[in-house]
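Let's walk through this model together, one region at a time. Keep the sequence and the 3D view side by side as you read.

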Amino acid sequence: MTDVPPILLVEDDQVDIMIVKRGFRKLNVINELMVVNDGEQALAYLEHALSRLPSLILLDINMPKMNGRECLKQLKKHPVFKTIPVVMLSSSQERHDVDQCLEMGIVGYILKSVEFADFLTSIQVLKPYWIQRP
């Protein structure tokens, strides 16, 4: 479906990518999941996708080259990208990480979980950003 906006996953860990893909399949999400591996790739992807911007960006905090915080900072400076909702994905439960990301403008913070069922429960809050098969 070309009229359904994609969701952009910015994640460098292949296991976490597979978990998100599996979760989206389980929840019948029909938005295409676009995957890039760091903040630099995310910004380049967005620059080339101006006509088909994602409805949501799932952004890992810790990545090589450009981490999630720096990528978020760049997104929020951009006149078009700053309106795209960003949810931070992290294994960090540190309060300062959560607070800092909230201050930078994220709409949510989801802890990565080793248990798939827990992760599935966590991502249910993202339903307003995707389209599901009936």
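A good place to begin is L72, which is found in helix α3; helices here are DSSP runs of H or I with at least four residues, strands are runs of E with at least two, and both are numbered from the N terminus. Please keep in mind that this is a predicted model, in which local features need pLDDT of at least 70 and side-chain atom pairs count only at pLDDT 80 or more, while totals for chains, interfaces and linings use all residues. Residues are numbered from 1 along each chain as its sequence is written, and side-chain values use heavy atoms, with hydrogens and water left out.

Is L72 buried or exposed? With a relative accessible area of 0%, L72 is buried; buried means under 20% relative accessible area, exposed over 50%, and partly exposed in between, with a 1.4 Å probe and protein chains only. Setting aside neighbours within four places in sequence, L72 is in contact with L59, V86, M88, C101, M104 and I106, where contact means heavy atoms within 4.5 Å. Of these partners, M104 lies 32 residues from L72 along the chain, yet the two C-alpha atoms are separated by 7.3 Å.

Now look at how helix α3 meets a neighbour. Two packed helices are described by the angle between their axes and the distance between the axes. Helix α2 (residues 39-48) and helix α3 (residues 68-77) pack at about 25°, with axes 9 Å apart; the axes are lines fitted to C-alpha atoms over the stretch in contact, and angles run from 0 to 180 degrees between N-to-C directions. That angle makes α2 roughly parallel to α3, since angles under 35 degrees count as roughly parallel, over 145 as roughly antiparallel, 65 to 115 as roughly perpendicular and the rest as oblique. On the α2 side the contact is made by G39, A42, L43 and L46, and on the α3 side by C71, Q74 and L75. These residues divide into five nonpolar, two polar and no charged; Ala, Val, Leu, Ile, Met, Phe, Trp, Tyr, Cys and Pro count as nonpolar, Asp, Glu, Lys and Arg as charged, and the others, Gly among them, as polar.

G39 also leads us to the loop between β3 and α3, where P64 lies. The C-alpha atoms of P64 and G39 are 8.3 Å apart, with their positions 25 residues apart in sequence. P64 is partly exposed, at 44% relative accessible area, and touches D12, N37 and D38, not counting residues up to four places away. In the loop between β3 (56-60) and α3 you will also find K65, which is exposed at 65%. The phi of K65 is near 65°, a positive value in a residue other than glycine.

Which helix pair should we visit next? Helix α1 (residues 14-26) and helix α5 (residues 116-123) pack at about 65°, with their axes 10 Å apart. That makes α1 roughly perpendicular to α5. From α1, I19, V20, R22, G23, F24 and K26 meet F116, F119, L120 and I123 in α5. The residues of this contact divide into seven nonpolar, one polar and two charged.

Finally, turn to D97 in helix α4 (residues 95-103). At 8% relative accessibility, D97 counts as buried. Leaving out residues up to four places away in sequence, D97 touches R69, S92 and Y109.
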